[in-house]
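Here is a short round of questions on how the labels in this model are earned. Take the structure first, then the reasoning.

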Amino acid sequence: MNPFDLLKNMNEIRSQAEAMKAKIATIKCTGYSCGNMIEAVANGNMEIESLKIDPSFIKPENSEMLAVLVTSAVNTALKNVRDRIQEEAGQAMSQYGLGL
């Protein structure tokens, strides 16, 4: 890939970067733990949008395990978002012969 070709297409690249930013903002990924008893949903801004815990699991004797499982679900959701963003960015970069 000729670097000067990239410079020629700078406006198009900027436009696609803005489109990518908007697309990333719409990404939502879910992480689960303990089967489906705990569910965390993260968005493309790396924020947790929701957290659902099966009511049958909410007991004082489960508090330490619950903290670990919630952390696991959240981390899985965020990892899924990062993976998805990397996938989207890789597809966009491949148009210009660049790879991540």
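Q: Which residues does Ser33 touch, not counting residues up to four places away in sequence?
A: In this predicted model, Ser33 touches Ile38, Leu69, Val70, Ser72 and Ala73. Ser33 itself lies in strand S1, residues 28-33.

Q: Why is Ser33 called buried?
A: Its relative accessible area is 7%. Buried means under 20%, so Ser33 is buried.

Q: What makes Glu49 and Lys28 a salt bridge?
A: Their side chains meet at 2.7 Å, N to O. The cut-off is 4 Å, so the pair counts. Glu49 lies in strand S3 and Lys28 in strand S1, so the bridge ties together parts that are 21 residues apart in sequence.

Q: Why does Glu49 count as partly exposed?
A: Its relative accessibility is 40%. Partly exposed runs between 20% and 50%, so the label fits.

Q: How do you know that Lys52 forms a salt bridge with Glu39?
A: The closest N and O atoms are 3.8 Å apart. That is within 4 Å, so the pair qualifies. Lys52 lies in strand S3 and Glu39 in strand S2, so the pair ties together parts that are 13 residues apart in sequence.

Q: Is Glu39 buried or exposed, and why?
A: Buried: its relative accessible area is 18%, and the label applies under 20%.

Q: What makes Asp83 and Lys79 a salt bridge?
A: Their closest N and O atoms are 2.6 Å apart, and the limit is 4 Å. Both residues lie in helix H3, 4 residues apart, about one turn of the helix.

Conventions
Residues are numbered from 1 along each chain as its sequence is written. This is a predicted model: local features need pLDDT of at least 70, side-chain atom pairs count only at pLDDT 80 or more; totals for chains, interfaces and linings use all residues. Side-chain values use heavy atoms; hydrogens and water are left out. Helices (H or I, at least four residues) and strands (E, at least two) are DSSP runs, numbered from the N terminus. Buried means under 20% relative accessible area, exposed over 50%, partly exposed in between (1.4 Å probe, protein chains only). Contact means heavy atoms within 4.5 Å.
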